[in-house]
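User: Please examine the structure shown below and answer some questions about its main pocket and one of its helices.

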Amino acid sequence: MKSEERNYIADIERYFLGLAGKGLMLSARDYGFIRELGERSVSKEMVIKAIAYGFEKKRQRGARDPRGLFNIKQEIEEYLRIQSAEPESRQVEPRRAAFARSSIIENILKKLDKIIIEEKREDIRGKYQELRRKVRETDSLDSTNVYKEFDSLWRGFVEDVFRGLSVERQKQITAAAQNRLPSEAKLYDEDAKGRTLNAFRDEIVCETLGINNVFTMK
């Protein structure tokens, strides 16, 4: 990750968490939204103003402060639309890309290259190689879709790793995932329960096999 991109993300993260309070951290979806804003040529200063606008709007409605950046995505987009409607002469924000989307993909490919070289387990190395091939293909997607594709690729990768385990190991991981389900899961419909179970299963697969999400890791 280039220093300009890293600073862009870190400064926005720091500002948001300063308003939201201690004990919080941004999610992968929040980071994806920040990167998307950068690719759309939204300056750091403009994003910070939009975040302040979002908090103010929430408070005016008597709502709780947002727990994640994505919770005020609508307000941020609203602020940006208002600003973009201003005459060019009144706009003080520079209209230059904060960083290029291709640099994000390049960074992910470099991470995968390093992992592939260091990975000793042949079966998992092969799955990383296939993931790398799919990541290269995302370069043709626009910034709106690329982060959705990243999420889909990672879930598919972990699913593939899980399916490659022995039946006995799969049963053990599935049982451990079921033990992590919250008590209120019994109230979920089957679809919601299945998604939650799969999320815990993927979490356990990554924990036990020492796999890190290449799309969110530093």
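**The largest pocket and helix α8**

Analyst: In this predicted model, the largest pocket has a lining of 30 residues. Those that lie nearest its centre are A28, F150, D151, R155 and N213.

User: Which element gives the largest share of the lining of the largest pocket?

Analyst: Two or more lining residues come from each of α2 (28-39), α5 (101-118), α7 (143-163) and α9 (190-209). The largest share amounts to ten residues, and the element that gives it is α7.

User: Where does the largest pocket lie with respect to domain 1 and domain 2?

Analyst: The pocket holds about 940 Å³ of space. Residues of its lining come from both domain 1 (3-85) and domain 2 (92-209), so the pocket lies between them.

User: How many residues of the lining are charged?

Analyst: The lining of the largest pocket can be divided by residue class. Twelve of its residues are nonpolar and six are polar; the number that are charged is twelve.

User: Why do the buried residues of α8 line one face of the helix?

Analyst: An α-helix has 3.6 residues a turn, so residues three or four places apart point the same way. In α8, the buried residues are Q170, I173 and A177. Seen down the axis of α8, these buried residues line one face because they fall within an arc of 70°.

User: Which exposed residues does α8 carry on the face turned away from its buried side?

Analyst: Helix α8 spans residues 167-180. Exposed here means over 50% relative accessible area. On the face turned away from the buried side of α8, the exposed residues are K171 and N179.

Notes. Residues are numbered from 1 along each chain as its sequence is written. This is a predicted model: local features need pLDDT of at least 70, side-chain atom pairs count only at pLDDT 80 or more; totals for chains, interfaces and linings use all residues. Side-chain values use heavy atoms; hydrogens and water are left out. Helices (H or I, at least four residues) and strands (E, at least two) are DSSP runs, numbered from the N terminus. The expected span of a helix is 1.5 Å times one less than its number of residues. Buried means under 20% relative accessible area, exposed over 50%, partly exposed in between (1.4 Å probe, protein chains only). The arc is that of the directions from the helix axis to the C-beta atoms. On a 1 Å grid over the protein atoms alone, a cavity is a set of points where a 1.4 Å probe fits but cannot get out, and a pocket is an open set with protein on both sides within 12 Å along at least five of seven lines; lining residues have an atom within 4 Å of a point. Grid points are joined across faces, edges and corners, and a volume is the space filled by probe spheres set on the points. Ala, Val, Leu, Ile, Met, Phe, Trp, Tyr, Cys and Pro count as nonpolar, Asp, Glu, Lys and Arg as charged, and the others, Gly among them, as polar. Domain bounds come from an automatic or database domain assignment.
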